[in-house]
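Good morning, colleagues. Please turn to the structure on the screen, which I shall discuss with regard to its aromatic rings.

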Amino acid sequence: MKLVYTGKTKNVYALENGNYLLKFKDDCTGKDGVFDPGENSIGLTIEGVGDVNLRMSIYFFEKLKEAGIRTHYVSADLQETTMEVLPAKVFGKGLEVICRLRAVGSFLRRYEEYVEAGAKLPSYVEMTFKNDAKGDPLVTRDGLVVLGVMTEKQYDAIKAQTQEITAVVAREMEARGLELYDIKFEFGYDADGEVMLIDEIASGNMRVYKDGEYIDPMTLSRLFFA
């Protein structure tokens with residue numbers, strides 16, 4: 001294996017078969033020791049979070065496979081906390097896609113003059129460039145096309161898939177008495193330009209509440225698999 005990328009929450013290795021291996025870490029994004037999936041830097045380390053993030057990712061990738069939604073997932077090894085994935089190119093220098101069902105986090109901070117905390121949102125999708133120095137700036141559909149990051153067709157495919165995947169996750173949470181407030185995804189594309197979900201679907205990338213109270217990632221994973 002050859003290390004090709006060191007990320008905040010996982011490392012990426014190249015495999016001899018042309019695929020890649022993701023090694024999950026116990027690091028979480030946040031600020032001042034408080035977890036926040038919307039932050040762009042590591043804020044804390046939670047022992048075992050890499051393992052539970054992988055377990056949840058496996059669960060949801062299998063669900064998406066059943067639903068016919070294309071992802072980069074191939075297989076996983078829980079003993080090694082790794083996941084084998086198909087090769088995919090990222091959009092630009094990295095793009096995050098957020099789907100919001102309630103007004104919390106950075107969305108609320110930006111628009112608190114126009115929306116109440118916790119207000120319901122209609123599967124609102126927004127995209128940000130992964131750039132720590134610039135605070136992960138928001139970018140519009142037109143901006144992405146003008147900058148040559150993606151085509152209009154790719155944007156529309158990402159938005160549709162984001163809302164569809166979010167609905168799957170939200171239903172699974174609801175079945176356990178939990179409510180999904182928002183979730184963060186990453187997408188890439190293959191040699192033919194076809195969009196696919198990449199990275200992970202885990203408690204560290206979403207905000208989930210129970211009876212109006214926020215559930216931290218480790219507690220969420222425990223409740224989810226109870």
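I shall speak about ring pairs and then about charges placed over rings.

Please note that this is a predicted model. A search of the whole structure returns twelve aromatic pairs. I begin with Tyr59 and Phe225: their ring centres are 6.3 Å apart and their planes stand at 85°, so this pair is edge-to-face. Tyr59 belongs to helix α1, residues 49-66, and Phe225 to the segment after α5 (217-224), so the contact ties together parts that are 166 residues apart in sequence. As to exposure, Tyr59 has a relative accessibility of 24% and therefore counts as partly exposed. Phe225 is also partly exposed, with a relative accessible area of 40%.

The second pair is Tyr181 with Tyr209. Here the centres lie 3.7 Å apart and the planes meet at 15°; since planes under 30 degrees apart count as stacked, the pair is stacked. Tyr181 is in strand β13 (residues 179-189) and Tyr209 in strand β15 (residues 206-210), so the pair ties together parts 28 residues apart in sequence. Are these two tyrosines, Tyr181 and Tyr209, buried or exposed? Both are buried.

Let me return to the first pair and its surroundings. Tyr59 and Phe225 belong to a cluster, linked by ring pairs, that also contains Phe60 and Phe224. Phe224 has a further partner: the charged end of Arg176 sits over its ring, 3.9 Å from the centre.

A charge over a ring is also found at Phe24, where Lys10 lies over the face at 5.5 Å from the ring centre.

Thank you for your attention.

Notes. Residues numbered from 1 in each chain as written. Predicted model: local features only at pLDDT ≥ 70, side-chain atom pairs only at ≥ 80, totals over all residues. Heavy atoms only, no water. Phe/Tyr/Trp six-rings, centres within 6.5 Å; stacked < 30°, edge-to-face > 60°. Helix = DSSP H or I, 4+ residues; strand = E, 2+ residues; numbered from the N terminus. Buried < 20%, exposed > 50% of the residue type's maximum accessible area, 1.4 Å probe, protein only. Lys NZ or Arg CZ within 6 Å of the ring centre and 35° of its normal.
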